[in-house]
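Please follow the annotated positions through the fold, and then the sheet and the core that surround the discussion.

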Amino acid sequence: MIEKKSVVEGSDRHIINSINVRIPGILESQYITIENGKISQIRSMNRLDCQSENTIDFAGDWVSLGGIDLQINGGLGLAFPDLTANDNDKLTEICQFLWEQGIDGFCPTIVTTSIEKIQRSLSFLNSFTPPKSAAQILGVHLEGPFLNPAKRGAHPAEYLLPLTLDNVKRVLGDYAHLVKIITLAPELDPTGEVIPYLTSLGIIVSLGHSQATAPQATEAFKQGATMVTHACNAMPPLHHREPGLLGAALVYPGVQCGVIVDGQHIDPTMLQILLRAGQGDRGLFLVSDALAPLGLPDGVYPWDEREIEVKQGTARLADGTLSGTTLPLLVGVQNLVKWGLCDVETAINLAVRSPRLAINIPDIAVGQPANLLRWHLDPATQALSWSRLDLLPNSSKIVFG
Ligand SMILES: [Zn+2]
């Protein structure tokens with residue numbers, strides 16, 4: 001832990017200058033000024049910039065905003081579809097836990113369950129506000145219930161619904177404003193009405209748990225779908241004569257695919273193929289797809305009316321069906337670097353910048369709160385580590401936690 005004096009004496013302005021900073025995607029070393037907890041300047045370094053009283057030398061380490069997790073099903077033992085009005089403290093704890101895991105914001109993901117339970121979770125989330133210094137809620141991800149029964153994976157068959165406008169309205173109820181992303185199987189809607197309806201409400205449509213052919217998926221992208229949920233998982237594999245949803249997604253301009261990077265859901269070689277086809281962080285972003293035992297040790301845990309077994313961070317039902325992970329999002333970044341699948345900058349961007357682009361929120365920029373991560377690559381071991389840079393405008397310390 002490094003502590004450093006950082007208050008300008010005799011002033012109520014709290015200014016920190018950072019030199020030799022690398023921002024993923026920018027070639028030259030950067031000089032960043034943080035004033036009262038906000039970024040007030042980002043520019044290229046020049047020869048006059050040097051170490052002084054209120055300056056941190058990042059020595060070429062990377063700086064980024066925190067990660068964004070667009071698919072996370074729960075944590076610390078709580079599954080988001082089980083949220084009730086009594087879970088205020090638990091959800092607060094989860095938001096703080098995610099913050100400590102380097103996450104700035106997330107989309108609590110509600111997997112297929114009854115409309116009653118979906119509505120109960122949405123009702124609670126509608127009244128919930130995370131505290132400061134905690135991961136913020138960026139809207140809900142509804143993963144289901146409009147999934148193809150043949151590709152439902154671990155989603156319970158009894159709660160899957162036909163994809164009709166009426167059913168969509170019943171599921172959203174009065175909380176459409178709260179829903180950021182919905183995962184659906186486009187081949188279930190032959191009318192072509194649902195995707196334009198959802199996008200008209202500002203909801204991002206992500207294709208997944210689907211058997212869509214390439215033409216069906218392309219039609220869905222034309223209608224406004226812009227994302228793919230856990231690419232490769234719960235969809236037909238890439239086949240040279242049947243490219244399917246995955247093939248269509250990788251070549252359709254502007255579509256972004258979520259990927260799970262635990263090494264089990266997708267083989268690292270396939271990840272490399274996706275990274276090349278999707279042009280790295282342009283067409284892909286990382287998701288944790290973390291389940292309720294996130295933050296708890298490996299073991300057997302309840303999951304809806306069934307059980308999952310978690311081994312080394314990967315969760316499976318008793319019959320072996322993959323059902324998610326308990327790996328924090330940023331472990332995926334470290335995995336990509338450890339496995340030599342991409343450079344450090346692309347790996348960081350996949351968890352930080354790409355998910356922001358996918359839901360149209362800004363990346364690092366002047367005026368933003370300086371919720372920053374510092375990333376360091378150990379030259380000897382090639383291990384990538386990160387720490388959250390906590391800037392405390394009302395104290396005299398910068399703490400690298
Ligand atoms: Zn899924």
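In this predicted model, Ser323 makes contact, once its neighbours within four places in sequence are set aside, with Gly153, Ala154, Leu291, Trp303, Ile308, Ala315, Arg316 and Leu317. Ser323 has 22 C-beta neighbours inside 10 Å and, because 20 or more such atoms are what the term requires, Ser323 counts as buried. Its place in the chain is strand β21, which covers residues 322-325.

Strand β21 belongs to an open sheet of four strands, ordered β18-β19-β20-β21 and paired in antiparallel fashion. The edges of this sheet are formed by β18 (299-303) and β21, each of which pairs on one side only, and from one strand to the next the twist averages 30 degrees. Strands of a sheet pair through backbone hydrogen bonds, in either a parallel or an antiparallel arrangement. Within the sheet, strand β19 (residues 306-311) and strand β20 (residues 314-317) run antiparallel and are joined by four bridges, and Val310 stands opposite Ala315 in β20.

Ser323 also appears in the UniProt record, where an unreviewed entry places the feature "binding site" at Ala154, Asn233, Ala234, Arg241, His265, Leu322, Ser323 and Gly324. These positions span 171 residues in sequence, and their farthest two C-alpha atoms are 29.3 Å apart, so they do not all gather at one spot. Even so, some of the listed positions do touch one another: Ala154 is among the contacts of Ser323, while Asn233, apart from its neighbours within four places in sequence, is in contact with Ile260, His265 and Leu322.

Is Asn233, another of the annotated positions, buried or exposed? With 18 other C-beta atoms within 10 Å, Asn233 is partly exposed, because that category lies between the limits of 12 or fewer for exposed and 20 or more for buried. Asn233 is found in the loop that runs between β15 (227-228) and α6 (244-251).

The nonpolar interior can be considered next. The largest nonpolar core holds 111 residues, of which Leu245, Ala249, Val259, Leu286 and Val333 touch the most other members. Helix α9 (residues 344-358) supplies the largest share of this core, six residues, and the core draws at least three residues from each of domain 1 (3-65 + 363-400) and domain 2 (67-358). Val259, one of the residues touching the most other members, has contacts with His230, Ala231, Ile266, Leu271, Leu274, Leu284 and Leu286, when residues up to four places away in sequence are not counted.

Methods. Residues numbered from 1 in each chain as written. Predicted model: local features only at pLDDT ≥ 70, side-chain atom pairs only at ≥ 80, totals over all residues. UniProt positions renumbered as here; feature names shortened; annotations may be inferred. Helix = DSSP H or I, 4+ residues; strand = E, 2+ residues; numbered from the N terminus. Contact = placed C-beta atoms within 7 Å. Pairing = 2+ DSSP bridges. Axes fitted to C-alpha atoms, helices over the stretch in contact; angles between N-to-C directions. Core = buried A, V, L, I, M, F, W, Y, C linked by C-beta atoms within 7 Å. Domains from an automatic or database assignment.
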